[in-house]
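I am opening a notebook on a structure that is new to me, and I want to set down what I look up in the order in which I look it up.

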Amino acid sequence: MTASAILSKTYKGKWALVTGASAGIGVALAEDLAAAGANLVLTARRVDRLEALAQRLQEQHGIQTRVIPADLADPAAPQQLYEATEGQGLEIDLLINNAGFGYLGEFLRSDLAFQRTMVDVNCAAVVDLTHRYLPGMVKRRRGDILILASTAAYQPVAYMATYAATKVFDRYFAEALAEEVGRYGVRVSALCPGPTESEFGQVAGSRKEEKRKYQPAAEVARLGLEGLVQGKTWVIPYSGGRIQVFAQRFVPRRIITKAAEKMFRPDTVK
Ligand SMILES: NC(=O)C1=CN([C@@H]2O[C@H](COP(=O)(O)OP(=O)(O)OC[C@H]3O[C@@H](n4cnc5c(N)ncnc54)[C@H](OP(=O)(O)O)[C@@H]3O)[C@@H](O)[C@H]2O)C=CC1
Ligand SMILES: CC(=O)[C@H](N)C(=O)O
């Protein structure tokens with residue numbers, strides 16, 4: 001992948017922290033930032049993957065990296081991440097709240113702990129990390145925060161009920177914060193991908209036979225990062241998603257919700 005000029009200009013020599021950097025969109029974000037010359041703090045639970053990625057990106061792009069394993073379902077993890085970075089004098093100019101997962105299937109038959117942890121990782125950890133890193137950015141009058149939402153954040157989604165709700169939380173949180181902190185030189189953006197090539201489906205449970213085309217994670221990462229730098233408070237990188245979100249404005253939500261129920265209904269539900 002060739003480096004994006006706007007990303008190199010913005011992030012060369014700066015430090016970015018990427019959560020969920022062991023797979024999918026997180027890896028793509030790390031790759032794009034490394035190509036732009038950014039130094040990286042990589043975090044997730046699977047440390048072997050993080051270390052392999054860090055080594056590869058150091059060799060390919062001559063950047064600096066730090067690997068910090070963390071389970072963001074643990075309420076102590078955000079503080080530990082903060083202490084291991086800004087607490088040690090390492091200024092984070094770009095925080096990417098990417099870690100997250102979903103569940104596909106009936107809420108009724110799902111595991112409660114899995115649902116609870118989804119809220120903890122997708123929402124609570126995002127608020128916690130953002131609250132910790134924001135003051136430093138404001139003090140420096142410089143900083144960017146990217147939060148992974150989803151096209152699932154634009155309507156209720158049956159059989160992904162909790163997941164879609166966590167993503168509307170992420171989207172509204174990012175868009176509201178962008179308005180609050182823009183005056184301090186901090187940009188915030190919600191990246192709202194549609195179906196994207198990653199390990200999401202392996203964790204969430206397989207989807208029904210789908211006609212939708214999956215977008216490469218590298219494309220999603222590039223569009224999200226460039227949108228953030230351009231001051232966009234939200235980015236939908238998937239063209240089908242942009243059309244869908246626009247068209248939905250003219251249709252009552254209960255009709256949209258019913259259509260989504262049909263689309264995602266598992267074969268086991270009659
Ligand atoms: N793929 C898609 O179609 C879409 C994805 N998204 C969003 O993009 C983001 C990335 O997902 P995607 O790349 O697709 O999925 P992947 O499953 O490929 O990657 C998820 C990442 O999140 C990390 N993660 C999950 N749970 C935890 C945890 N408890 N603590 C720390 N890290 C955790 C995983 O690391 P590890 O397991 O090593 O801890 C992994 O690095 C998510 O927020 C997702 O909601 C949004 C729209 C569409
Ligand atoms: C899983 C997602 O968040 C995605 N937007 C999708 O439509 O599948």
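**Entry 1, backbone.** I note first that this is a predicted model. I began with Arg141, which I found in the loop between helix 5 (112–140) and strand 5 (143–148). Its phi is positive, about 55°, although Arg141 is not a glycine. Is Arg141 buried or exposed? With a relative accessible area of 51%, Arg141 is exposed, because the cut-off for that word is over 50%.

I then turned to Tyr159, which sits in the loop between strand 5 and helix 6 (161–181). Tyr159 is not a glycine either, and I read a positive phi of about 70° for it. Tyr159 has a relative accessibility of 14% and therefore counts as buried, since buried means under 20%.

**Entry 2, the sheet.** In what order do the strands of the sheet lie? I wrote down seven strands in an open sheet, in the order 3-2-1-4-5-6-7, with parallel pairing. The edges are strand 3 (65–67) and strand 7 (234–235), each of which pairs on one side only.

To follow one pairing in detail, I looked at strand 1 (residues 15–19) and strand 2 (residues 39–43), which run parallel and are joined by five bridges. Within this pairing, I found Ala16 standing opposite Leu40 of strand 2.

Next I looked at helices that pack on the sheet. Helix 3 (residues 47–61) does so by touching strand 2 and strand 3, and its direction makes about 175° with that of strand 3. Helix 8 (residues 217–229) also packs on the sheet, where it touches strand 4 (94–97), strand 5, strand 6 (186–191) and strand 7, and its direction makes about 150° with that of strand 6.

**Entry 3, aromatic rings.** How many aromatic pairs does the structure hold? I recorded six. One of them is formed by Phe169 and Phe173, whose rings are stacked, 6.1 Å centre to centre and with 20° between the planes. These two phenylalanines are four residues apart in helix 6, which means that about one helical turn separates them. I also checked the accessibility of Phe169, which is 36%, so that Phe169 counts as partly exposed.

Elsewhere in my reading, Phe101, Tyr103 and Phe114 turned out to form one aromatic cluster. My last note concerns a charge over a ring, for Arg171 lies over the face of Tyr154, at 3.7 Å from the ring centre.

Terms used: Residues numbered from 1 in each chain as written. Chains lettered and ligands numbered in written order. Predicted model: local features only at pLDDT ≥ 70, side-chain atom pairs only at ≥ 80, totals over all residues. Heavy atoms only, no water. Buried < 20%, exposed > 50% of the residue type's maximum accessible area, 1.4 Å probe, protein only. Phe/Tyr/Trp six-rings, centres within 6.5 Å; stacked < 30°, edge-to-face > 60°. Lys NZ or Arg CZ within 6 Å of the ring centre and 35° of its normal. Pairing = 2+ DSSP bridges. Contact = heavy atoms within 4.5 Å. Axes fitted to C-alpha atoms, helices over the stretch in contact; angles between N-to-C directions.
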